[in-house]
Every structure is written in C-alpha cells, then in structure tokens.
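Subject: Structure handover and findings

Dear colleague,

Please find below the structure that I was asked to pass on to you. My notes on what was found in it follow directly after.

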Amino acid sequence: MSDGLTGKQVDVAVLGAGIVGVSAGIAALQRGLSVVVIDRREPGSETSYGNAGILSSGSILPLNRPALWSALPGYLANTSAALRWDPLWVMRNLDWVARFLGNAVASRTRPRAIALHGLINASLKLHREWIVKAGAPQRIRETGWLKAWRSDAIEAAKQEQTFLAEFGIESELLDRQAISALEPNILPAYKTGLLHTQTASVDLPGAVVKAYAQMVRGLGGEIRQADIRAIGPADDGWRVVLGDGAISARHVVVALGPWSADILRPLGYRVPLAAERGYHQEFVPNPARTLQRPIHDAEGSFLMSPMENGIRVTSGVELTDRDAPSSFAQLDMVVPMARGVVEFGSAVGEPWRGARPTLPDSLPMIGPAPQHPGLWCAFGNQHIGFTTGPATGAAIAAMISGDKPGFDASAFAPDRYI
C-alpha cells in the first residue's frame, strides 16, 4: 500500500514493522515528521506475533543475573525445558556467551533493573493510551499475571516480591487456596503464587501491532511491504534499497529485531546480537474451564496465556542459529505439564517459532549509531519486546527531534557495543 510518501524524501524510514517499528512510526508522526515503515511481511507477523501477550510491569530483572550461576549445572545435560543449546552455536559465539555470563553479577543487576523499570513504565503508559486510540480496547485485560510454583516456594516468592516492592511494583503472595480462588478453573497444581497486579495482557499481540500500524496510516504515515536489501548514506540523508525500488530519508531507524545486525554489518558495525529462539502452540480451549490471565509455571519453564484463538503455550529459550531448523523438544516437554493445569483440546494450526533479539547485557539498543548521523538503533529488546516496544519507539522519535526521551535511556546507548 502506498500513499505517495515514498515518491519523495521522507523524514523517517523505519525498517521493521514489529511492535518497536510501528511504535517509532506513531511517535515520529505525532511529532510532525513524515514516516514510512517498511517490512517484508505484514505488521506484527514475526517476533511480535509469537509472544505471550503480557504487558509486564515486573519484568525488570534480566535473565543474566546471579541466580543464573546456580541454574547452569542443570543446563549442561541439554535436556532442560528452560534452555536448550546448540554446541556448535556456542563454540562459534563464545564471546557472546562469555559477555552474557559476565553480566550475571550482583553489581550489574540493579543498574540494569533500574534502566528496564524506566523503559517499562513509559511503555505501559503508551500501550494503555494507544490501544484505545487504535480502536482495540477490548483486547487488553487488566487482570495481572500469575507466576506459580508447584513446590512450597514461599521464600523465593517473598524475595521476588520484596525486590519488586523496592521499585514500587505491587504484587500479592498466594497460597494454594488463594490460587484456586483466583483461577477456579485450573487444576490444583500450584502451592505458591505471586500475582503481578499491575500487569496487563492482550488476547492477540499480532492483532494489537496491526491496530497500531493502522494508527500509522491514520496519522498520515505509510506502511510498505518490501524486501529491504541495503541502506547507505546519501548526500541528503539515507538511501534505503528495496526489492522494488528505493527510498530517500533524512533518518533511518533500524528496528528489525533479530535481523538488525545483518543490515548494519555492511556499514562496519559488528553487533553482538543473539537470537534466543522460542516456540508456541495454541490449543482449543474448554469454554467451561477458561483461563483468566497468563500463568508462568516457574518450575516447568513455560507460560500459558488465554488468546483469541485458544490457549497459547510458550516454551523456554533455544540458543542456536536464528534460521536453523526447528526443534520442538522443549514444546513437546511442556505441553503435557500445561495439560495438567488447564484443560484444553487439540492443537490449533501449526507450532510457531520465533527469535528474540538479545544483547549480552539483556538491554536493548536505543539511540544513534555512533559513526553515522541520521542512523538510529532500536532493537535487542529480548523477551520483553512486546512490553517495551512503545517507549523504545517514542525515545527514538524524541531523539530524532532533538529532545530527551521521557525516561533515562543512557543505559541503552548503542555505543556501548558498536
């Protein structure tokens, strides 16, 4: 679809129509800039499609924190539902692995949590505003999300609650009886729960991104579906080479998720970006035993979320090449455990696979590329991209306009890695 913007130079060309890209488009248009958002697929069809749909207030702890060290021995056999790893990928990416583990220390945990807290808070405000403006308020649920343990894990839950409370994030400790009262239709599998009360969720994340893309169009922007071949400096800004032509833009925003490093490499940037792959499968729900909110099974290492099309079961992390053949071992392991919690029927469609873009410190890149004026990085949002997309895009739009973002974005500066 074209509205004529690409017949001349635009202010901002956004590469990628996931949650980050469409958010950057909305925010730039709201600042009076002309915008085209480009992707090879329709908006919200890649990583932004396959997540659990959680708008999480409490996801401020990066995966690489001190607790990771005690979990590592359980991952060595490569049979865990939480993590599977390709030995060849690990050998080829030892530097990324070493840097990722090097961040799993106490001194580097709280500063990153503070940074993520600011990003998440700003994003949740925008999500709640935009989903109404996008005409999709029925898709958001303000029911929180539940982290649940099958064991008596009250001390672990209390420690997490205390940490969250230090940031003003509210939660409720639940015993088995309280969990049953909260979710009366699940089987009594859990002894301990922590309800994140300020967290929301949506019933179809891909549809939310598509609704935001319609906001881009409604604000006068363009969504263009085309292969992105290359980007390069031009006399008047940037030239974006597409499979069906080229676009001239004053600014280019790279928001291509796990593909972002590819487009930057010819410009001399070596981005240490890994693709944490993940899977989901949806199942026909039992309408008499509905799930009220997403549930994270802490010990089973999976998540169940009620979606428009059924119960979505998502699996853990797979460390391998972004485009390697699918392996459904983790999904096959967790689906029977999920059936032991909530009743659901046969599978809906085929299993889905995606890749979550992750940098060694588990923080995204948000800001200017250090060697090229007018080139902006907006990727690396790891497992919380759907939550953090709006403020990531809004921060980029603010910087393009010469303003400061609405939160402290200094920890996300691209020059820490490139």
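Is Arg 31 buried, partly exposed or exposed? Arg 31 has a relative accessibility of 38% and therefore counts as partly exposed. Please keep in mind that this is a predicted model.

Salt bridges

Arg 31 is a suitable place to begin, as this residue takes part in a salt bridge with Asp 403. The closest N and O atoms of the two residues are 2.7 Å apart. Asp 403 is found in the segment after α11 (385-400), while Arg 31 belongs to the loop between α1 (19-30) and β2 (35-39), so the pair ties together parts that are 372 residues apart in sequence. Like its partner, Asp 403 counts as partly exposed, at 39% relative accessibility.

How many salt bridges does the structure hold? The number is 22. Two further examples are described here, followed by a network.

One of them is the salt bridge between the side chains of Glu 166 and Arg 110, with an N to O distance of 2.6 Å. This pair also links distant parts of the chain, 56 residues apart: Glu 166 is in the loop between α6 (154-165) and β7 (171-175), and Arg 110 is in helix α5 (residues 109-133). Arg 110 has a relative accessible area of 35% and is partly exposed.

Another salt bridge joins Asp 244 to Arg 224, where the closest N and O atoms are 3.0 Å apart. Asp 244 sits in the loop between β12 (237-242) and β13 (245-254), and Arg 224 in strand β10 (residues 222-225); these distant parts of the chain are 20 residues apart. Asp 244 counts as partly exposed at 47% relative accessibility, whereas Arg 224 counts as buried at 14%.

In addition, Asp 262, Arg 265, Arg 322 and Asp 323 are joined into one network by salt bridges that share partners.

The surroundings of Asn 51

Asn 51 lies in the loop between β2 and β3 (54-55). Its relative accessible area is 17%; the limit for a buried residue is under 20%, so Asn 51 is buried. Which residues does Asn 51 touch, not counting those up to four places away in sequence? They are Pro 205, Met 307, Arg 312 and Phe 386. Within its own part of the chain, the side chain of Asn 51 reaches the backbone nitrogen of Gly 53 at 2.7 Å.

Pocket and cavity

Rolling a probe the size of a water molecule over the atoms shows where empty space is left. The second largest pocket has a volume of about 440 Å³. It is lined by 21 residues, and the closest to its centre are Asn 93, Arg 265, Val 271, Leu 273 and Ala 274. Arg 265 is also a member of the salt-bridge network described above.

Four elements, α3 (87-92), α4 (94-102), α9 (260-264) and β14 (274-285), each supply at least two residues of this lining. Among them, α4 gives the most, with 4 residues. By character, the lining of the second largest pocket consists of 11 nonpolar, 2 polar and 8 charged residues.

A search of the whole structure for cavities of 30 Å³ or more finds 1. The largest cavity has a volume of about 30 Å³. Which residues line the largest cavity? The lining is made up of Arg 176, Ile 179, Ser 180, Ile 186, Leu 187, Pro 188, Ala 189 and Tyr 190. Of these residues, 6 are nonpolar, 1 is polar and 1 is charged.

Two backbone angles

Most residues other than glycine have a negative phi. Against that background, two residues deserve a look.

Asn 78, which is not a glycine, has a positive phi of about 60°. Asn 78 is placed in the loop between α2 (67-75) and β4 (83-85), and this residue is partly exposed, with a relative accessible area of 23%.

Ser 362 likewise has a positive phi, near 65°. Ser 362 lies in the loop between β19 (344-358) and β20 (365-368). Is Ser 362 buried or exposed? At 2% relative accessibility, Ser 362 counts as buried.

Yours sincerely

Technical notes:
Residues are numbered from 1 along each chain as its sequence is written. This is a predicted model: local features need pLDDT of at least 70, side-chain atom pairs count only at pLDDT 80 or more; totals for chains, interfaces and linings use all residues. Side-chain values use heavy atoms; hydrogens and water are left out. A salt bridge is a side-chain nitrogen of Lys or Arg within 4 Å of a carboxyl oxygen of Asp or Glu. Buried means under 20% relative accessible area, exposed over 50%, partly exposed in between (1.4 Å probe, protein chains only). A polar contact is a pair of N or O atoms within 3.5 Å; within protein, one must be able to donate a hydrogen and the other to accept it, and residues adjacent in sequence count only if both atoms are side-chain atoms. Contact means heavy atoms within 4.5 Å. On a 1 Å grid over the protein atoms alone, a cavity is a set of points where a 1.4 Å probe fits but cannot get out, and a pocket is an open set with protein on both sides within 12 Å along at least five of seven lines; lining residues have an atom within 4 Å of a point. Grid points are joined across faces, edges and corners, and a volume is the space filled by probe spheres set on the points. Ala, Val, Leu, Ile, Met, Phe, Trp, Tyr, Cys and Pro count as nonpolar, Asp, Glu, Lys and Arg as charged, and the others, Gly among them, as polar.
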